[in-house]
Amino acid sequence: MSVSDPISDMLTKVRNASMARHEKVDIPTSRLKLEIVKILKTEGYIKNFKKIAQEGQNFIRVFLKYDEGEEPIIHGIEKVSKPGRRVYTGYKSLPRVHNGYGTLIVSTSDGVTTGKKATEKKVGGELICTVW
């Protein structure tokens, strides 16, 4: 099956697995997806991840994180920039996610980073997704 937006597909897999309370989810790998997963790990939304090669295909295995009451840490994850409508912004007008309680992931000229780090570095770029 051909996927027109692999990043959106990855976010949907993580969202669905989190809502279904799965321990882990496998995602086909790419450099951009790996950078997004690294940010999710450093921001504390997932436990861990690792790259896996099975039968000639590479995957990123993402281990999801839950709180004491078995509620998912990821309450929501949404794609901002879509194939039909790319969203770019400068560092001065980067939006806040849930009044600062969420994380904005941005693709800048310095690489994929969070909205806070992009503002500190004074670089704008394409808004990839928001996580809260």
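**Entry 1: helix pair**

I began with the relation between two helices and recorded that α1 and α2 are oblique to each other. The model I consulted is a predicted one. For the underlying geometry, I noted that helix α1 covers residues 6–19 and helix α2 covers residues 31–42. I read a packing angle of about 40° between α1 and α2, and their axes lie 10 Å apart. Angles from 65 to 115 degrees count as roughly perpendicular and those under 35 as roughly parallel, and the pair is therefore entered as oblique. I then looked up the handedness: the crossing of α1 past α2 is right-handed.

**Entry 2: residues at the helix contact**

I next asked which residues of α1 meet α2. From α1, I listed Pro6, Ile7 and Met10; their partners in α2 are Leu32, Lys33, Ile36 and Val37. Sorting this contact by class, I found six nonpolar residues, one charged residue and no polar ones.

**Entry 3: largest pocket**

I turned to the largest pocket and noted a volume of about 210 Å³. Its lining comprises 13 residues, and I recorded Pro95, Gly102, Leu104, Gly115 and Lys116 as the closest to the pocket centre.

Which element gives the largest share of this lining? I found that α3 does, with three residues. Strand β6 (103–108) and helix α3 (115–121) each supply at least two residues of the lining.

Lastly, I sorted the lining of the largest pocket by class and entered six polar, four nonpolar and three charged residues. For the contact of α1 with α2, my earlier entry stands at no polar residues.

Key:
Residues numbered from 1 in each chain as written. Predicted model: local features only at pLDDT ≥ 70, side-chain atom pairs only at ≥ 80, totals over all residues. Heavy atoms only, no water. Axes fitted to C-alpha atoms, helices over the stretch in contact; angles between N-to-C directions. Helix = DSSP H or I, 4+ residues; strand = E, 2+ residues; numbered from the N terminus. Parallel < 35°, antiparallel > 145°, perpendicular 65-115°, else oblique. Left-handed = near helix turned anticlockwise from the far one by under 90°. Contact = heavy atoms within 4.5 Å. Nonpolar A, V, L, I, M, F, W, Y, C, P; charged D, E, K, R; others polar. 1 Å grid on protein atoms, 1.4 Å probe; cavity = no way out; pocket = protein on both sides within 12 Å on 5 of 7 lines; lining within 4 Å. Points joined across faces, edges and corners; volume = space filled by probe spheres on them.
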